[in-house]
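Visitor: Could you take me through one part of this model slowly, and then show me how the parts around that place fit in? I would enjoy a close look.

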Amino acid sequence: MKFFVFMVALCCNFLFVNAQRNCGTGQYWQSQLDSDPALRTRYSLIEHAVKLRPQISGKKQDAGVADLPVITIPVVIHVLYNTQEQNISDAQIQSQIGVLNKDFRKQNEDAPQIPAIFAPFAADRRVQFPLAKPDPEGRPTTGIIRKKTDRASWQQDDKMKFSASGGNDAWDSRYYLNIWVCNLTKSLLGYSTFPGAAPEKDGVVIRMDLFGTTGKAGSAYNKGRTNTHE
């Protein structure tokens with residue numbers, strides 16, 4: 001599980017974690033592994049395959065990606081709101097998509113400020129995240145789903161991912177990146193799954209006032225980087 005430990009450490013170091021700014025991914029994922037032996041097996045197999053891939057391909061571990069095709073991952077945003085204050089605008093969503101794409105393509109304006117310790121690993125990752133156009137049934141969509149819910153706030157328990165518990169069901173995670181934007185408890189910025197997660201839970205959860213760079217995005221965390229991090 002060295003890969004898991006490394007990823008959790010990177011998660012915690014990438015953000016300045018404190019009582020007000022807390023990434024819940026490490027704690028969440030460990031709880032998932034502890035409660036689901038099948039998940040632990042899937043994750044171990046994926047970890048093993050990742051370690052073997054450079055040997056199989058004949059490339060070095062540090063081989064670049066500049067010659068690889070750009071991978072497009074359609075995104076669906078599940079906006080869950082109890083009050084209009086929690087119902088973020090399309091403009092706020094678009095601002096987050098813009099940040100996400102710039103960060104993964106290394107087109108972010110602050111790229112020259114990357115700390116020296118991370119600079120050798122910074123690169124255009126050849127991944128882009130447009131809002132989904134067709135839905136799973138092939139119908140036109142904006143990639144944004146809004147749902148009014150009776151839940152005033154949410155915990156780190158995945159209930160926002162299921163209609164039965166007041167949330168919204170995921171779209172097929174083999175073809176979409178699901179992002180749930182909701183009123184998380186104030187000590188939690190967001191959390192995400194790791195590879196191997198159950199398909200119906202696979203995706204990212206972000207607090208609504210930390211999503212994007214405009215609208216209701218809080219002044220202290222209005223750079224859109226929480227979503228990039230998760």
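**A close look at strand E7**

Guide: Gladly, and let us begin with a pairing: strand E5 (residues 177–182) and E7 run parallel and are joined by 4 bridges. Two strands pair here if DSSP finds at least two bridges between them, and the elements themselves are DSSP runs numbered from the N terminus, with helices (H or I) of at least four residues and strands (E) of at least two. This is a predicted model, in which local features need pLDDT of at least 70 and side-chain atom pairs count only at pLDDT 80 or more, while totals for chains, interfaces and linings use all residues. Residues are numbered from 1 along each chain as its sequence is written, and side-chain values use heavy atoms, with hydrogens and water left out.

Within the parallel pairing, Val181 stands opposite Ile206 of E7. Strand E6 (residues 190–192) is joined to E7 as well, by 3 bridges, and these two run antiparallel. There, Gly190 has Ile206 as its bridge partner. Ile206 is thus matched with Val181 and with Gly190.

Now look at the two faces of E7 (residues 204–207): Val204 and Ile206 lie on one side, Val205 and Arg207 on the other, and all are buried. Buried means under 20% relative accessible area, exposed means over 50%, and partly exposed is in between, using a 1.4 Å probe and protein chains only.

From E6 we can step across to helix H2. Tyr191 in strand E6 and Tyr28 in helix H2 form an aromatic pair that links distant parts of the chain, 163 residues apart. A search of the whole structure finds 3 such aromatic pairs. Rings of Phe, Tyr and Trp (its six-membered ring) pair if their centres lie within 6.5 Å; planes under 30 degrees apart count as stacked, over 60 as edge-to-face and the rest as tilted. The ring centres of Tyr28 and Tyr191 are 4.6 Å apart and the planes stand at 50°, so this pair is tilted. Both Tyr28 and Tyr191 are buried.

Another aromatic pair joins Phe104 and Phe129: the ring centres are 5.0 Å apart and the planes are at 70°, so the arrangement is edge-to-face. Phe104 is in helix H4, and Phe129 is in the loop between strand E3 (127–128) and strand E4 (144–148), 25 residues apart. Phe104 is partly exposed at 25% relative accessibility, whereas Phe129 is buried at 6%.

Back in H2 (residues 25–35), Tyr28 has company: the buried residues are Thr25, Gly26, Tyr28, Trp29, Gln32 and Leu33. They cover an arc of only 165° around the axis, which puts them on the same side of H2; the arc is that of the directions from the helix axis to the C-beta atoms. The face turned away from that buried side carries the exposed residues Gln27, Asp34 and Ser35.

Helix H4 (residues 90–104) deserves a stop too, and Gln96 lies in this helix. Gln96 counts as buried, at 1% relative accessibility. Its side chain reaches the backbone oxygen of Gly224 at 2.9 Å. Leaving aside neighbours within four places in sequence, Gln96 is in contact (heavy atoms within 4.5 Å) with Leu210, Phe211, Gly212, Gly224 and Asn227.

Asp90 is found in H4 as well, but Asp90 is partly exposed at 42% relative accessibility. Not counting residues up to four places away in sequence, Asp90 touches Ile144 and Arg146. The side chains of Asp90 and Arg146 are joined by a polar contact of 2.4 Å. A polar contact is a pair of N or O atoms within 3.5 Å; within protein, one must be able to donate a hydrogen and the other to accept it, and residues adjacent in sequence count only if both atoms are side-chain atoms.

Finally, a word on confidence. The predictor's confidence in each residue, pLDDT, runs from 0 to 100; the protein chain averages 85, and 85% of the residues score at least 70. Over residues 1–20 pLDDT stays under 50, and under 50 also over residues 56–62, for which the model has 3 contacts beyond four places in sequence. Where pLDDT is low, the predicted coordinates should not be read in detail.
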